[in-house]
Amino acid sequence: MIIQLTGNVNYSITLDPTVWIFDDRKVSFEEAFTFQTTPEATEEDEIRKASEFWDREVYQQKLDPPVNKSISKYDKKKILEGTYVMPIHHFLKNAEIKDEAKNALLVTESGDTTITLDELNQSLFLFSQDGKPLNQEGPVHVYFQDGSNRDKPVKGVKKIVID
């Protein structure tokens with residue numbers, strides 16, 4: 001299932017939470033509410049990860065035969081059994097929200113919820129529970145970074161409209 005991000009943006013984008021399990025930006029649910037992101041730290045982390053990936057690729061090309069051991073068996077098992085959230089700010093940056101936008105409408109089957117852009121920017125999207133995509137009340141559940149809705153997230157978000 002996909003989620004459309006449309007409205008007052010320069011680029012409407014389509015989000016596919018089913019592939020986020022392979023994304024290095026995901027955060028385990030247990031760490032999610034202690035995980036603090038700042039734009040500077042995020043950029044530094046991305047640069048560090050890209051550097052490590054590049055170093056690993058160059059090193060592995062020298063091996064005969066090349067071996068890709070980027071994910072250990074333990075990590076693979078952890079990924080396939082874990083519960084994960086994705087910080088949404090990465091995708092909002094790519095959509096380029098227009099300056100005059102103020103709110104976001106989270107469209108669900110049970111009704112729509114309006115939140116501020118700041119709340120959306122600090123949101124975490126639960127997309128995997130116990131290693132499985134959210135089929136019921138999915139494709140994502142929206143949690144706020146501060147944990148204020150941890151007991152009652154916005155469930156079943158199908159579309160995000162920026163206005």
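Ser28 has Tyr84 in S4 as its bridge partner, and that is a handy way into this predicted model. The two strands involved, S3 (residues 27-28) and S4, run antiparallel and share two bridges. From there you can walk strand by strand through S4, S7, S9 and S10, then look at the separate topics below.

**From S3 across to S10**

- Strand S4 covers residues 84-87, with Tyr84 and Met86 pointing one way, Val85 and Pro87 pointing the other, and all of them buried.
- Tyr84 also has a charge for company: Lys26 lies over the face of its ring, 5.4 Å from the ring centre.
- Next along, S4 is joined to strand S7 (residues 123-129) by four bridges, again antiparallel.
- Within that pairing, Met86 has Phe125 in S7 as its bridge partner.
- S7 in turn pairs with S9 in the antiparallel sense, over four bridges, and here Ser123 sits opposite Phe144 of S9.
- Strand S9 (residues 141-144) is covered on both faces: His141 and Tyr143 are buried on one side, Val142 and Phe144 on the other.
- S9 then connects to strand S10 (residues 154-155) through two antiparallel bridges, with Lys155 in S10 as the bridge partner of His141.
- As background, strands of a sheet pair through backbone hydrogen bonds, in either the parallel or the antiparallel sense.

**The five-strand sheet**

- There is an open sheet of five strands in the order S2-S1-S11-S5-S6, and its pairing is mixed.
- Its edges are strand S2 (13-15) and strand S6 (113-116), each of which pairs on one side only.
- On average, neighbouring strands in this sheet are turned by 25° against each other, ignoring direction.
- Strand S1 (residues 3-7) pairs with S2 in the antiparallel sense over three bridges, and Gln4 stands opposite Thr14 of S2.

**Nonpolar cores**

- Generally speaking, nonpolar side chains in soluble globular proteins tend to be buried together.
- The largest nonpolar core here has 29 residues, and the ones with the most contacts inside it are Trp20, Leu106, Leu120, Phe125, Ile160 and Ile162.
- Phe125 is worth clicking on: leaving out residues up to four places away in sequence, its contacts include Trp20, Tyr84, Met86, Leu120, Val142 and Ile160.
- Apart from that core lies another one, of nine residues, including Val27, Ala32, Leu134 and Tyr143.

**Aromatic pairs**

- The structure holds three aromatic pairs.
- In one of them, the ring centres of Trp20 and Phe127 are 5.5 Å apart and the planes stand at 90°, so this pair is edge-to-face.
- That pair links distant parts of the chain, with Trp20 in the loop between S2 and S3 and Phe127 in strand S7, 107 residues apart.
- Both partners are tucked away: Trp20 counts as buried because its relative accessibility is 4%, and Phe127 is buried at 3%.
- Another pair is Phe29 with Tyr143, whose ring centres are 5.4 Å apart with planes at 70°, so it is edge-to-face too.
- Phe29 lies in helix H1 (residues 29-32) and Tyr143 in strand S9, so this pair ties together parts that are 114 residues apart in sequence.
- Phe29 and Tyr143 are both buried.
- Trp20 and Phe127 also join Phe91 to form one aromatic cluster.

**Loops and backbone oddities**

- Lys102 sits in the loop between helix H4 (89-95) and strand S5 (103-108), and with a relative accessible area of 56% it is exposed.
- Setting aside neighbours within four places in sequence, Lys102 is in contact with Thr116, Leu117 and Asp163.
- Lys102 and Thr116 are 14 residues apart in sequence, with their C-alpha atoms 6.3 Å apart.
- Asp130, in the loop between S7 and S8, has a positive phi of about 55° although it is not a glycine.
- Asp130 counts as exposed because its relative accessibility is 53%, and the cut-off for that is over 50%.
- Glu137 has a positive phi of about 55° as well, and is not a glycine either; its place is in the loop between S8 and S9.
- The peptide bond from Gly138 to Pro139 is cis, with omega near 15°, and Pro139 lies in the loop between strand S8 (132-133) and S9.

Key
Residues are numbered from 1 along each chain as its sequence is written. This is a predicted model: local features need pLDDT of at least 70, side-chain atom pairs count only at pLDDT 80 or more; totals for chains, interfaces and linings use all residues. Side-chain values use heavy atoms; hydrogens and water are left out. Buried means under 20% relative accessible area, exposed over 50%, partly exposed in between (1.4 Å probe, protein chains only). Two strands pair if DSSP finds at least two bridges between them. Contact means heavy atoms within 4.5 Å. Axes are lines fitted to C-alpha atoms, for helices over the stretch in contact, and angles run from 0 to 180 degrees between N-to-C directions. A nonpolar core is a set of buried Ala, Val, Leu, Ile, Met, Phe, Trp, Tyr and Cys residues joined through side-chain atoms within 4.5 Å. Rings of Phe, Tyr and Trp (its six-membered ring) pair if their centres lie within 6.5 Å; planes under 30 degrees apart count as stacked, over 60 as edge-to-face and the rest as tilted. A charge sits over a ring if NZ of Lys or CZ of Arg is within 6 Å of the ring centre and within 35 degrees of the ring normal.
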